[in-house]
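Subject: Structure handover

Hi,

Here is the structure I promised to pass on. Please open it first, then read the notes below.

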Amino acid sequence: MNKIIQLKDVKKYYPWKNKKFVKAVDGTSISVNKGDIFGLVGESGSGKTTLGRIMLRLIEPTSGSVFFEDREITKDKKINKSIRKKMQIVFQDPYASLHPRRKIKDIIGSGLKTHNMVKSEHEMIEKVENFLNLVGMGREHLYRYSYELSGGQRQRVAIARALILNPEFVVLDEPTSSLDVSVQAEILNLLMELKKKLNLTYIFITHDLILARIFTEKIAIMYLGKIMEYGETMSVFNKPLHPYTEALFSIIPRIDAKDRSKKIILSGEIPSPVDPPTGCRFHTRCVRKLGAICENSTPVLKEIEDNHFVACHLYT
């Protein structure tokens, strides 16, 4: 399959006190095929959102390369409009991502004007109305403000704003985390329908393992700025290889008592990204640590099974 996004040894360091750095993303390489729903999963602070925004060049990587459709976009000082239209994002919080003083027609339609995709106000309103209908809203919402809408309606507006430019690649940054459970299901179903209808590729960022299992086709597990494991979603869930992945999955609630594995309680706390452990990032909390090799040598992602990669010395 054709790759739409490739990251090669991407790092993002933020300056910190005493000439130190917060290592938000630290040497990540990954590729996403066209048509994928690719999940980025991990605890808060693992680098998921930073990685997603680097893919779109909303933030610049400290080093490494990002390719979009085989074109390296990290060397472009300014991404041209044709590339920018193809890459969009739906933010986590629709309360914060929609301008409270702008009408819905202007929030959704502003991108059309920026990219010269409409010739008149009337044409813009017509296109905005079409996309409102596409996300389950209507003409009656055109002249409302975001504070007049419910949380689910706001997120529908955010989705329409992202898709009205006809992108190929969309980053979904925890798009349902601020919504009620019943509304979450509606939004996920909508996103799935739109993916099929518009031939989209998604990066789905979440800390919710159950949502990741239901919604994604491929998945990557992140910890302290590094990818610990990735592969086909069901392959990773059915047979987690990395001790960190095993620990995460062990706490997923299960109805059938026979399917309930013993919970793995991790010792200690997540180390600081300012001063992460040497060697394997997870070795300070790992119950299967091998000793000096885990403490001193950084494991690399290796394909252990078909399309199933893990970065762990247990498999070297």
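Charges first. The chain carries 49 positive and 36 negative side chains. The centres of these two sets lie 5 Å apart. Keep in mind that this is a predicted model.

Next, the overall build. The secondary structure comes to 11 helices and 12 strands. The radius of gyration is 21 Å, and the globule rule gives 20 Å for 316 residues, so the chain is as compact as a globular protein of that length. Along the principal axes, the C-alpha atoms fill a box of roughly 70 × 50 × 40 Å.

Then packing and surface. Of the 316 residues, 51% are buried, taking buried as under 20% relative accessible area. For contacts between residues at least 6 apart in sequence, 62% join residues at least 24 apart. The accessible surface is about 15,500 Å². Carbon and sulfur atoms account for 49% of that surface.

Now one sheet to look at. It is open and has four strands, in the order β2-β1-β4-β5. The pairing is antiparallel. Which strands stand at the edges? They are β2 (21-33) and β5 (71-72). Each has a single partner strand, so one side of each is left without a neighbour in the sheet.

For β2, the partner is β1 (residues 3-15), and 10 bridges join the two strands. They run antiparallel. To find the pairing on screen, start from K12: its bridge partner in β2 is V25.

Best wishes

Key: Residues numbered from 1 in each chain as written. Predicted model: local features only at pLDDT ≥ 70, side-chain atom pairs only at ≥ 80, totals over all residues. Heavy atoms only, no water. Rg over C-alpha atoms; globule rule 2.2 N^0.38 Å. Buried < 20%, exposed > 50% of the residue type's maximum accessible area, 1.4 Å probe, protein only. Contact = heavy atoms within 4.5 Å. Areas by Shrake-Rupley, 256 points an atom, 1.4 Å probe, with all protein chains shown as cover. Lys, Arg positive; Asp, Glu negative; His and termini not counted. Charge placed at Lys NZ, Arg CZ, Asp CG, Glu CD. Pairing = 2+ DSSP bridges.
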